[in-house]
Amino acid sequence: MTNAWTDIKNTDLVVVMGGNAAEAHPCGFKWVTEAKAHRGAKLIVVDPRYTRTASVADFYAPIRQGTDIAFLNGVIKYCIDNDRVQWDYTKAFTNASYIVQDGFGYKDGLFTGYDEEKRDYDRSTWDYVIGDDGFVATDPTLQHPRCVWNLLKEHVAPYTPEMVERICGTPKDKFLKVAEMISECSTPTKTMTSMYALGWTQHSSGSQNIRAMAMLQLILGNIGVRGGGMNALRGHSNIQGLTDIGLMSHLLTGYLTVPSEKETDFNTYMSTRQFKPLRPGQTSYWQNYRKFMVSFQKAMWGDVAQADNDWAYHYLTKLDVPAYDVLRMFELMYDGKVNGYICQGFNPILAFPDREKNTKALSKLKWLVTMDPLDTETSRFWENHGDFNPVETGSIQTEVFQLPTTCFAEEEGSLTNSGRWLQWHWAGGSPPGEAQHDTYIIAQIFIRLRDLYKKEGGAFPDPILNLSWDYADPNEPTAEELAREINGRALTDVKDPTDPTKVLVPAGKQVVNFSQLQDDGSTMSGCWIYSGCFNEQGNNMARRDNHDPDETGAYLGWTFAWPLNRRTLYNRASANLEGKPWDPSRKIIEWDGSKWSGYDVPDISPTAKPGDVGPFIMNQEGTARLFARGLLRDGPFPAHMEPFESPVANVFNPKMRGNPVARVFQTDLERLGTSDEFPYAATSYRLTEHFHFWTKHNRVNAALQPEFFVEISEELAKEKAIDNGGWVRVWSKRGSVKAKALVTKRIRPLICDGKPVHVVGVPLHWGFTGSARKGFGPNSLAAFVGDANIETPESKAFLVNIEPSSAPKDKEASA
């Protein structure tokens with residue numbers, strides 16, 4: 001989230017695409033109702049289904065899943081064609097004027113540089129013209145034919161309302177109504193906010209879905225302002241914290257990145273990360289990367305990390321591929337190349353696509369460890385449950401260890417919500433039975449591994465033997481100890497760079513925030529973006545001051561938000577080039593002649609003069625990106641690409657299947673279906689009454705939504721002779737499920753490229769453990785492919801067939 005949940009009350013228009021906030025985020029959705037009730041805000045929902053969010057919307061438009069980029073490019077074209085652009089904002093704060101190299105182009109659904117054999121692009125032409133002075137060439141008049149603005153106009157030109165209807169199935173009149181309502185938010189005094197979730201991310205072009213809306217928000221002037229922004233709705237209590245703390249295979253903490261095997265030394269690694277600004281006078285905050293990285297290494301290995309050994313850089317993993325994400329790891333398991341798997345707080349048998357493949361992959365392990373407070377399908381993948389899990393138990397040799405953990409209500413610590421707020425909570429009860437905190441279990445595994453390395457040695461035991469483990473009780477670090485370590489402290493006196501006689505932070509004291517981190521080994525910090533969460537002022541995550549001057553929705557005294565307790569990212573963009581708010585009634589910060597001040601922590605140096613430094617200091621350009629250079633594998637502009645399984649061909653290139661550079665393994669290409677065999681477009685979704693795979697263990701939730709179902713239109717039910725409440729079989733190239741049919745008016749057939757497309761909705765909360773009736777999930781059907789940039793599985797768009805059926809067989813019932 002660029003903004004916070006509480007800021008949504010300041011908006012004039014809410015657009016929910018790629019999510020269903022009223023259903024999946026019912027508490028956070030309160031702020032949408034606040035905006036509607038007190039500001040007269042409007043709500044637009046664009047979704048394949050008429051959802052609970054749509055039921056309270058001012059306008060609903062249907063869309064075929066996987067076609068959001070075509071829809072959004074169409075809205076961008078509408079805004080450009082009708083001069084609905086906040087020009088002062090766009091010219092000042094985006095790269096619209098930057099000139100792109102002559103070699104770059106786009107034709108037949110592909111950008112220049114595509115290598116079909118490698119399924120990848122040579123991105124060397126996706127860049128700016130750089131002058132002799134080292135800065136990017138610009139044309140502030142936007143007349144140059146190769147400037148970003150004119151290339152963008154050319155790129156979105158095909159996305160007419162007729163083309164949007166052809167691709168998306170959205171009736172032309174409904175699309176135009178949405179485009180008109182959105183375009184009205186191009187004035188400084190009217191803002192729009194975007195709310196999205198897995199409906200955008202779980203696609204092979206998911207990253208570009210989000211970029212398309214971000215670009216639209218930029219030309220409307222809605223990033224960095226109250227009531228605006230790009231707001232990702234996190235679907236789990238600490239998913240935001242998971243990515244922040246680096247629990248992804250290619251990330252370290254704070255979005256520092258794991259080196260590749262080509263980066264053999266620290267200087268080589270740093271050479272591609274300490275970005276030089278591309279415009280005079282601009283700031284790229286990543287110029288501080290070395291400070292964050294050295295402080296991280298000191299947090300990891302303490303005194304062993306020194307300048308003369310590159311801060312123990314050689315201790316870090318070096319990647320031979322971009323990432324060892326979940327799809328790659330299960331592919332390796334499937335190939336028999338993984339011996340063991342520790343699964344902590346996750347249930348891949350129900351969460352990852354192509355359940356049959358995942359079951360076979362786990363069956364090839366020597367051992368599996370699950371850490372969870374509840375019995376999961378992954379823990380019991382080896383048990384036969386009839387149709388619900390038809391495995392041959394005797395043939396599975398994987399040794400499974402179930403380690404019972406505590407749940408969040410039995411723990412102390414922080415959770416990071418969608419708005420980047422780190423909120424401290426305290427244990428509400430004691431762990432039952434043999435359950436232990438995750439920190440205890442991980443500590444025990446580490447201590448035993450370290451003892452084995454001490455005793456037996458190994459090829460390279462140094463990173464384990466020298467890992468910092470300075471806790472009062474090494475067997476179980478406390479949440480406070482971990483939070484202090486993450487915040488960071490001075491290891492030696494930190495001197496004032498402008499006056500070396502002054503000590504900013506005495507040795508042993510917590511740093512105030514990441515502005516005090518150094519690259520000389522004098523500071524440590526486990527996660528630079530969280531620095532400030534637990535300093536000498538105490539546990540800032542535990543603050544509960546709900547004072548909110550002028551009712552801005554910032555609540556600066558309530559808990560701690562990263563970075564630096566800032567509630568709205570890029571809030572410098574809320575003011576014009578003179579530093580005055582675009583909309584005085586929605587001021588965040590403003591320039592008072594000597595500094596930035598207001599209701600939020602400035603997202604810029606407090607003394608940076610308005611005309612000198614742009615708002616987007618986290619980008620090398622110093623501006624926001626309408627053209628993304630070579631940063632995304634599938635293009636510097638979002639382009640429509642069909643899902644890998646689609647009921648229609650790509651209108652720009654009928655021969656192109658899916659995203660041409662997305663993650664897909666050869667064996668999985670063979671498991672992709674076609675519309676001839678599987679004519680119906682399926683998608684997955686959540687229900688309010690259940691929370692992922694947890695609450696099916698609770699009898700109350702199980703009673704509220706007791707049974708697995710699939711949702712289909714009245715037209716499809718009639719065509720296939722399916723009764724409402726009757727049993728159906730739904731199958732794809734990868735698997736088959738049985739469910740009760742829910743026949744509703746909430747789904748209607750769409751006309752896409754001249755043919756009717758029926759949508760099948762599949763909720764995800766059932767399995768074969770828990771109190772609820774046994775059921776299946778959409779991952780039994782979904783394809784094993786991932787987004788081109790971050791490998792998120794494409795679980796929101798796949799093809800199926802459907803027919804009336806009998807009830808599934810339960811082994812326990814039949815026994």
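Select Y255 to begin: in this predicted model, Y255 is partly exposed, with a relative accessible area of 27%. You will find Y255 in the loop between helix 10 (239-244) and helix 11 (266-271). Now check its backbone. The phi of Y255 is near 65 degrees, which is a positive value in a residue other than glycine.

**Another positive phi**

Next, pick R420. This residue is not a glycine, yet R420 has a positive phi of about 70 degrees. R420 belongs to the loop between strand 13 (413-416) and strand 14 (421-425). Is R420 buried or exposed? With a relative accessible area of 2%, R420 is buried.

**A cis peptide bond**

Move along to W562 and P563. The peptide bond that runs from W562 to P563 is cis, and its omega is near -5 degrees. To place P563, look in the loop between strand 21 (560-561) and strand 22 (589-591).

**Helix 3 beside helix 9**

Now show residues 68-81, which form helix 3, together with residues 206-220, which form helix 9. At what angle do these two helices pack? The angle is about 15 degrees, and the axes are 9 Å apart. That makes helix 3 roughly parallel to helix 9. Their crossing is left-handed.

Turn on the side chains to see who takes part:

- From helix 3, select D68, I69, L72, V75, I76 and C79.
- From helix 9, select Q208, N209, A212, M213, M215, L216, I219 and L220.

If you colour this contact between helix 3 and helix 9 by class, you get eleven nonpolar, two polar and one charged residues.

**Helix 5, mostly covered**

Stay with helix 3 and helix 9 on screen, and add helix 5 (residues 148-156). How many of the nine residues of helix 5 are buried? Seven are, and helix 5 is mostly covered. The buried residues to highlight are V148, W149, N150, L151, L152, H155 and V156. What do they pack against? Their partners are helix 3, helix 4 (87-93), strand 4 (106-107), strand 5 (110-111) and helix 9.

**Helix 6 across helix 7**

For another helix pair, select helix 6 (residues 161-168) and helix 7 (residues 172-183). Here the axes come within 9 Å and cross at roughly 115 degrees. The crossing of helix 6 and helix 7 is right-handed. On the helix 6 side, the contact is made by P161, E162, V164 and E165. On the helix 7 side, pick K172, F175 and L176. Sorted by class, the contact of helix 6 with helix 7 has four nonpolar, no polar and three charged residues.

**The cysteines**

Last stop: the sulfur atoms. A disulfide is a covalent bond that joins the sulfur atoms of two cysteines. How many disulfides does the structure hold? The count is zero. Select C407 and C27 as an example: the sulfur of C27 is the nearest cysteine sulfur to C407, and it is 17 Å away. C407 itself is partly exposed, at a relative accessible area of 24%.

Then jump to C527, which is also in no disulfide. Which cysteine has the sulfur nearest to that of C527? C533 does, at 8.4 Å. A disulfide needs the two sulfur atoms within 2.5 Å, so C527 and C533 do not form one. Finally, check how covered C527 is: at 0% relative accessibility, C527 counts as buried.

Notes: Residues are numbered from 1 along each chain as its sequence is written. This is a predicted model: local features need pLDDT of at least 70, side-chain atom pairs count only at pLDDT 80 or more; totals for chains, interfaces and linings use all residues. Side-chain values use heavy atoms; hydrogens and water are left out. Buried means under 20% relative accessible area, exposed over 50%, partly exposed in between (1.4 Å probe, protein chains only). Axes are lines fitted to C-alpha atoms, for helices over the stretch in contact, and angles run from 0 to 180 degrees between N-to-C directions. Helices (H or I, at least four residues) and strands (E, at least two) are DSSP runs, numbered from the N terminus. Angles under 35 degrees count as roughly parallel, over 145 as roughly antiparallel, 65 to 115 as roughly perpendicular and the rest as oblique. A crossing is left-handed if the near helix is turned anticlockwise from the far one by less than a right angle, and right-handed if clockwise. Contact means heavy atoms within 4.5 Å. Ala, Val, Leu, Ile, Met, Phe, Trp, Tyr, Cys and Pro count as nonpolar, Asp, Glu, Lys and Arg as charged, and the others, Gly among them, as polar.
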